[in-house]
Amino acid sequence: MIRDKAIGGRLVQGLRTKYFPKSRINQGLIGVGPWVNILLLALMFVLLGSRLVVQSGYTVDLPEHGSQIGVKPALLAVVKHFSEAGGRAAAERVFFNDDSFVIGNQKQMEALRDRIREAAQAEDDASILLFSDKEISNDTLVRVFHVLREAGIESVSLAVSED
């Protein structure tokens with residue numbers, strides 16, 4: 001048996017009748033809600049996207065047995081921090097083969113790179129022992145590591161002074 005039913009001014013025929021409410025839920029401000037959520041999420045990703053970028057850096061493989069193992073590097077460099085004395089500004093220097101290089105000076109860093117490259121070519125093993133003062137910042141060490149990488153050094157052993 002086929003039923004006919006008039007709902008909301010419409011004639012519906014068939015075994016099933018549909019419900020046509022007078023006010024639809026998706027009309028008005030409630031229907032805009034999901035779109036506002038999507039817009040806010042997109043805005044958050046755009047604003048915070050720069051903080052989610054992976055920063056470049058160096059991978060450091062730590063020794064398995066601790067710091068008691070002796071290292072016989074081919075080259076030796078010393079990084080030292082000099083504090084203010086007599087009105088002079090604080091400076092950080094690298095000492096290599098009886099020469100001193102100021103870390104903030106680009107020309108001296110290029111000269112250090114060239115000197116290390118020459119010394120590394122004379123040796124079979126391109127490794128260096130970098131002896132550092134405990135007051136040296138990580139930024140300074142990264143700068144020195146960058147110069148060593150440009151010079152062709154493959155292995156760096158880092159020793160830190162306890163004084």
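A residue counts as partly exposed when its relative accessible area falls between the buried range, under 20%, and the exposed range, over 50%. Arg 115 is partly exposed because its relative accessible area is 27%. Keep that scale in mind as we walk through this structure, which is a predicted model.

Let's start with the overall layout. The protein has three helices and seven strands. Read from the N terminus, these elements follow the order β-β-α-β-β-β-α-β-α-β. Of the 163 residues in the protein, 21% are buried.

Helix 1 is a good place to begin looking at the surface. A nonpolar surface patch of about 880 Å² is formed by Val 32, Trp 35, Val 36, Ile 38, Leu 40, Leu 43, Met 44, Leu 47 and Leu 48. One of these residues, Leu 47, sits in helix 1, which spans residues 33-48. Leu 47 has a relative accessibility of 56%, so it counts as exposed.

Now follow the chain to the strands. The structure has one aromatic pair. Its members are Phe 82 and Phe 95, which meet edge-to-face, with 6.2 Å from centre to centre and 75 degrees between the planes. This pair links distant parts of the chain, since Phe 82 belongs to strand 3 (residues 75-82) and Phe 95 to strand 4 (residues 91-96), 13 residues apart. Both rings come out as partly exposed on our scale: Phe 82 because its relative accessible area is 33%, and Phe 95 because its own value is 32%.

Strand 4 also holds Ala 91. With a relative accessible area of 24%, Ala 91 is partly exposed. The C-alpha atom of Ala 91 lies 7.3 Å from that of Val 102, although eleven residues separate the two along the chain.

Next come the charged contacts. The structure holds six salt bridges. In one of them, the side chains of Lys 80 and Asp 133 meet at 3.6 Å, N to O. Here too the pair links distant parts of the chain: Lys 80 is in strand 3, whereas Asp 133 is in the loop between strand 6 (127-132) and helix 3, 53 residues apart. The two partners fall into separate classes of exposure. Lys 80 has a relative accessible area of 34% and is therefore partly exposed, while Asp 133, at 10% relative accessibility, counts as buried.

Arg 115, the residue we opened with, takes part in another salt bridge. Its partner is Asp 99, and the closest N and O atoms are 2.0 Å apart. Asp 99 lies in strand 5 (residues 99-102) and Arg 115 in helix 2 (residues 106-122), so this pair, 16 residues apart, links distant parts of the chain. Asp 99 counts as partly exposed because its relative accessibility is 28%.

Just before Arg 115 in the numbering is a further charged contact. Arg 113 forms a salt bridge with Asp 114, whose closest N and O atoms are 3.6 Å apart. Asp 114 has a relative accessible area of 33% and is therefore partly exposed. Salt bridges with shared partners join Arg 113, Asp 114, Arg 117 and Glu 150 into one network.

Glu 150 brings us to helix 3, residues 138-151. This helix has 14 residues and reaches 20 Å from its first C-alpha to its last, close to the 20 Å expected at 1.5 Å a residue. Which residues of helix 3 are buried? They are Thr 140, Leu 141, Val 144, Phe 145, Val 147, Leu 148 and Ala 151. These residues cover an arc of only 160 degrees around the axis, which means that they lie on the same side of helix 3. The spacing makes sense in general terms: an α-helix has 3.6 residues a turn, so residues three or four places apart point the same way. On the face of helix 3 turned away from this buried side are the exposed residues Asn 138 and Arg 149.

We finish towards the end of the chain. Ser 161 lies in the segment after strand 7 (155-160). Ser 161 is buried because its relative accessible area is 15%, below the 20% cut-off. The C-alpha atoms of Ser 161 and Ser 132 are separated by 6.2 Å, while the two residues are 29 residues apart along the chain.

Key:
Residues are numbered from 1 along each chain as its sequence is written. This is a predicted model: local features need pLDDT of at least 70, side-chain atom pairs count only at pLDDT 80 or more; totals for chains, interfaces and linings use all residues. Side-chain values use heavy atoms; hydrogens and water are left out. Patches are made of residues with over 30% relative accessible area and no salt bridge: like charges are joined within 9 Å, nonpolar side chains (Val, Leu, Ile, Met, Phe, Trp, Tyr) within 5 Å. Accessible areas come from the Shrake-Rupley method with a 1.4 Å probe; for residues, only the protein chains shown count as cover. A salt bridge is a side-chain nitrogen of Lys or Arg within 4 Å of a carboxyl oxygen of Asp or Glu. Helices (H or I, at least four residues) and strands (E, at least two) are DSSP runs, numbered from the N terminus. Buried means under 20% relative accessible area, exposed over 50%, partly exposed in between (1.4 Å probe, protein chains only). Rings of Phe, Tyr and Trp (its six-membered ring) pair if their centres lie within 6.5 Å; planes under 30 degrees apart count as stacked, over 60 as edge-to-face and the rest as tilted. The expected span of a helix is 1.5 Å times one less than its number of residues. The arc is that of the directions from the helix axis to the C-beta atoms.
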